[in-house]
2 protein chains.
Amino acid sequence: MVRRNDQRRAALVDAAIEVLAREGARGLTFRAVDAEAAVPAGTASNYFGSRDDLLTQAGARVYERLQPDEATIARQRAAGRDRETYAELMRELVSRVAAFRTGYLALLELRLEATRRPELRKVLTERVRADLDANVAYHEESGLPGDATAVKLLILALNWLIVEQLTLPDVFTEAERDQLVAAAVERIVAAE
Amino acid sequence: MVRRNDQRRAALVDAAIEVLAREGARGLTFRAVDAEAAVPAGTASNYFGSRDDLLTQAGARVYERLQPDEATIARQRAAGRDRETYAELMRELVSRVAAFRTGYLALLELRLEATRRPELRKVLTERVRADLDANVAYHEESGLPGDATAVKLLILALNWLIVEQLTLPDVFTEAERDQLVAAAVERIVAAE
DNA sequence: AACGTAGTACTACAGCTGGAGTGGTGTCAA
DNA sequence: TTGACACCACTCCAGCTGTAGTACTACGTT
């Protein structure tokens, strides 16, 4: 029987994210998730019918947790709209995502898994599209300079910058990263 | 004793890349490499002292194989230097990298592994830096428009575009990807 | 030409690790 | 009392590793 205690289920999914980030897809076993969540061995087995199941739920969960919190959104709405402020905003975004290191790394693991798992691919594709659309919509609504293409390009560049930072942190220095973010904003968004 | 047949060793490393891309880090075992390379079980064990060893060599190998061949380089040198040609060049670059799908996917797996393996991280960091520098240098030497920062931004954006294409191909259509590449060139490189 | 040697290919084995799943019992609440 | 869940323990199983043992090939020596 599949267990339905939602709190516990969420704890297990979060644990899965941590394991995924720390040990990779290789180390993601039901047992490892049990250990990470500090529940008895066998629990994850009871909650998830299959590995696929677990991975899919983890994928959805990361996106939930990557959303900025209310306070951040409010602060952003209140902020000025000049180019400098925008760059600052983007630096914050990179920091925020990079700060949830395990979540982002887990997401990369999941992307690679998605290569082999149609179900997971479907879920992730939807989330990524929604996220992209939301970003574009938010941007347009905000009245900041730059069109949809600009936003997309910015997101592309920033994403890889984060990958670089998380996986090979010594390729760029922190200063270089900041400078690249600033340049990206300046040249992509502001070049109309 | 560690075996020294270089041809066989290369075949094993190439096989490792395929396995890595197809089955992920989870499926990368000495035995799987043996099977992929169609050599007797135990061979990979004889050639590589450890998993680390195998991964490190695979990392170096992917970069070797990602270099464009002579013909491509020559053609590029002969090409015109206007913005349109440049965009075409970039589209080709994205295609070329995405065409060695397994190599690029393996590289992503390796990046994630590098998170846990200092040795591998060191190797990859060097390769990525060298690749980046080479791109910048080539670009400057070529006389095409755009400074070093522009090249870096372009590389960031293109890298993630490739990730997107390889892992979640339905997020963007092919037309969108082409359009994004064109826009990237236009706004990043040509905006001076 | 015969022989010896070194390095490699191949086969097989034996041990081991670690995960999966499940049945049974305890516990709590409706 | 009953149902759902937590917890524990146990068994089964699959797969990987490393290596010992043997055969083969190439090459150099005498």
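**View 1. Arg3(B) and a base of DNA strand C.** In this predicted model, an N or O atom in the side chain of Arg3(B) lies 3.1 Å from a base nitrogen of DNA strand C. Such a pair is a polar contact, defined as two N or O atoms within 3.5 Å. Local features need pLDDT of at least 70, side-chain atom pairs count only at pLDDT 80 or more, and totals for chains, interfaces and linings use all residues. Residues are numbered from 1 along each chain as its sequence is written, chains are lettered from A in the order in which they are written, and side-chain values use heavy atoms, without hydrogens and water.

**View 2. Two side chains at phosphates of DNA strand C.** The side chain of Asn5(B) places an N or O atom 3.0 Å from a phosphate oxygen of the strand. For Arg8(B), the distance from a side-chain N or O atom to a phosphate oxygen of the strand is 2.7 Å.

**View 3. Residues around DNA strand C.** A residue is near the strand if one of its heavy atoms lies within 4 Å of it. Those around the strand include Thr29(A), Phe30(A), Arg31(A), Pro40(B) and Tyr47(B). Of the strand atoms within 4 Å of the protein, 64% belong to sugar or phosphate and the rest to bases.

**View 4. Helices of chain A beside DNA strand C.** α2 (30–37) and α3 (43–47) of chain A each supply at least two residues of the surface near the strand. Chain A has 10 helices and 0 strands; these are DSSP runs, with H or I over at least four residues for a helix and E over at least two for a strand, numbered from the N terminus.

Conventions: Polar contact = N/O pair within 3.5 Å; in protein donor to acceptor, adjacent residues only side chain to side chain.
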